[in-house]
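Me: I'd like a close look at one part of this model, and then a walk through whatever else is worth seeing. Here it is.
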Amino acid sequence: MKFKTYILIAICIFTAGCSDFLELAPKDATNVKNFYRNAADMQAAVNAAYGMLTSSGEYGYAYYNVSETRSDNTYNFEVGGNLPDAELDQFKMASTNEITRLMWIDTYRGILACNAVLDHIDGATMDQALRDRFIGEAKFLRALKYFNMVRTFGDIPLVLSETKSVSEGYGQARVATAEVYNQIVIDLTEAEQKLPLAYTGSDIGRATKGAAKALLGKVYLTSGNFAKAKDKLKEVIDQGNYRLLDDYAALWPVANANHQESIFEVQFKKGGTGTGSSFYNNFAPRNSGTNVIKVGFAGGRNNPTADMVAAYERGDARKAASLATGYTDAATGKFVPDPYTLKYQDTPFAEGDADNNWTVLRYADVLLMYAEAINEVNNGPTAEAYDAINAVRKRAKLAALPAGMSKAAFALAMEHERQVELAFEGHRWFDLVRTGREVVVMNQHFKSPVVAEFNAVFPIPQTQIDVNPQGIKQNPGYTF
């Protein structure tokens, strides 16, 4: 059972009265003067931080654009247009791009919600164990949001408490990426100490100790601290409460959400409450009508590229569970070769209102990151690294990797394995940037020199530069 029904009133408390800048401007005192008094108030506040994950600027829309559509995995139907999705897909982004503007605004709204919890929780009357858990949840969520922001934009404002005035909000300046990563590590280190191993009943879906450890392992891997990544990911493995599901296809049905391979999912809930997901509609082929979906518009977004379709080895069981190569037109009886992902299928309550969660972390990701970290630390793969990646391949009905691979060969095998195992889940672009492979791989994909090194980060939204031109400068390479 999912813990969300998110408390929409709580979300409104953190978004009312906000300016467009950072969405961290002061809240209306009349909304909060009698709030944050007890455990129920603080749970509503924590739920608001979770609730922002479903927003358009976070996992509801922006995240899959910056992590998958940006990569060679997927493309947007409007490749010839000037819609924000197509701009991002084709590396023709302006600083006025609506997707990155939404991401900046909504993610900082979520950070505001986390900061509100952390600033007020000591004054609430409540059980200390529950207080600690709420602190752990808020710090995990703040770390996740900052991790997504720093990977997307590079240097960003680092705001760790509620903004008390409009002028203070307008004065928040960018800080170095290293400083942001340092704070993420601090937050996750404290979160893992305060969070439980698991939940039951209506609390299933909240952040756990394993989620904090797994995210911290990914943060260490991203920042190049391979030894710490190896150790932290081994802790997740040694917990013993996660496992690979026997059937890859069993990962995706909405009835099987929050399964034993899942470490952290963004919880969506359909039903006309504004908390449903739009992936089912957005990921269907644009011209498919009702041949693929039965309710609402087919968006033609996040469609598998020809490179992605061809990436699977012969016999890989993940391909049939991950994508369809097309659909049969009911009117003509003809097959239409228009690939689309199968990982987000549901019968929605209405258009853009389905139950599909977004999986942020799962055990297969941990095993693959662990193998990668070992390869880096030991200057080549060990038996333990082979065991980790081959467990994932065995589930996919594939043979084990050959022994005796060099460090470079194993790294490329790992890149391929992550692409096909985690396809359409929001990893590919950040994996390429993390390993310094984005320029080579993407220019091979485009068959021309479209991508440059400065594209590793996105342009800062112009709205943020306009309100704070001294503290927020545009990223190098972006002149418009």
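Which loop is the place of Lys 397?

Reply: Lys 397 sits in the loop between helix 16 (383–395) and helix 17 (helices are DSSP runs of H or I with at least four residues, strands are E runs with at least two, and both are numbered from the N terminus). Before going on: this is a predicted model, in which local features need pLDDT of at least 70 and side-chain atom pairs count only at pLDDT 80 or more, while totals for chains, interfaces and linings use all residues. Residues are numbered from 1 along each chain as its sequence is written, and side-chain values use heavy atoms, with hydrogens and water left out.

Back to the loop. Phi of Lys 397 is near 70 degrees, a positive value in a residue other than glycine. Most residues other than glycine have a negative phi. With a relative accessible area of 61%, Lys 397 is exposed (exposed is over 50% relative accessible area, buried under 20%, partly exposed in between, using a 1.4 Å probe and protein chains only).

On the other side of that loop comes helix 17 (residues 407–421), with 15 residues and a reach of 21 Å from its first C-alpha to its last. That is close to the 21 Å expected at 1.5 Å a residue (the expected span is 1.5 Å times one less than the number of residues). The buried residues in helix 17 include Phe 410, Ala 413, Met 414 and Val 420, but charged ones are covered as well, among them Glu 415, Glu 417, Arg 418 and Glu 421.

Lys 397 has company in its backbone angle. Tyr 36 has a positive phi of about 60 degrees although it is not a glycine. Tyr 36 lies in the loop between helix 2 (29–32) and helix 3, but here the side is the other one: Tyr 36 is buried, with a relative accessible area of 5%. Asn 379, just after helix 15, also takes a positive phi, of about 60 degrees. Helix 15 (residues 363–377) has 15 residues and reaches 21 Å from first C-alpha to last, close to the 21 Å expected, and 13 of its 15 residues are buried.

Step back along the chain from helix 15 and you meet strand 10 (residues 358–362), where 5 of 5 residues are buried. Strand 10 pairs with strand 4 (residues 262–266) in the antiparallel sense over 4 bridges (two strands pair if DSSP finds at least two bridges between them). One of the matched positions is Ser 262, whose bridge partner in strand 10 is Arg 362.

Strand 10 also carries Trp 358, which forms a stacked aromatic pair with Tyr 344, 5.2 Å centre to centre and 10 degrees between the planes (rings of Phe, Tyr and Trp, with its six-membered ring, pair if their centres lie within 6.5 Å; planes under 30 degrees apart are stacked, over 60 edge-to-face, the rest tilted). Tyr 344 lies in the loop between strand 9 (340–341) and strand 10, so the pair ties together parts that are 14 residues apart in sequence. Tyr 344 and Trp 358 are both buried, and both belong to one aromatic cluster that also includes Tyr 59, Phe 268 and Phe 430.

Trp 358 turns up again in the largest nonpolar core, of 117 residues, where Phe 140, Ile 184, Phe 264 and Trp 358 touch the most other members (a nonpolar core is a set of buried Ala, Val, Leu, Ile, Met, Phe, Trp, Tyr and Cys residues joined through side-chain atoms within 4.5 Å). Helix 7 (residues 128–153) gives the most to this core, with 12 residues. Leaving aside residues up to four places away in sequence, Phe 140 touches Leu 188, Ala 191, Leu 195 and Phe 264, among others (contact means heavy atoms within 4.5 Å).

Finally, one for the charges: the charged end of Arg 151 sits over the ring of Phe 147, 3.9 Å from its centre (this needs NZ of Lys or CZ of Arg within 6 Å of the ring centre and within 35 degrees of the ring normal). The C-alpha atoms of Arg 151 and Thr 177 are separated by 8.8 Å.
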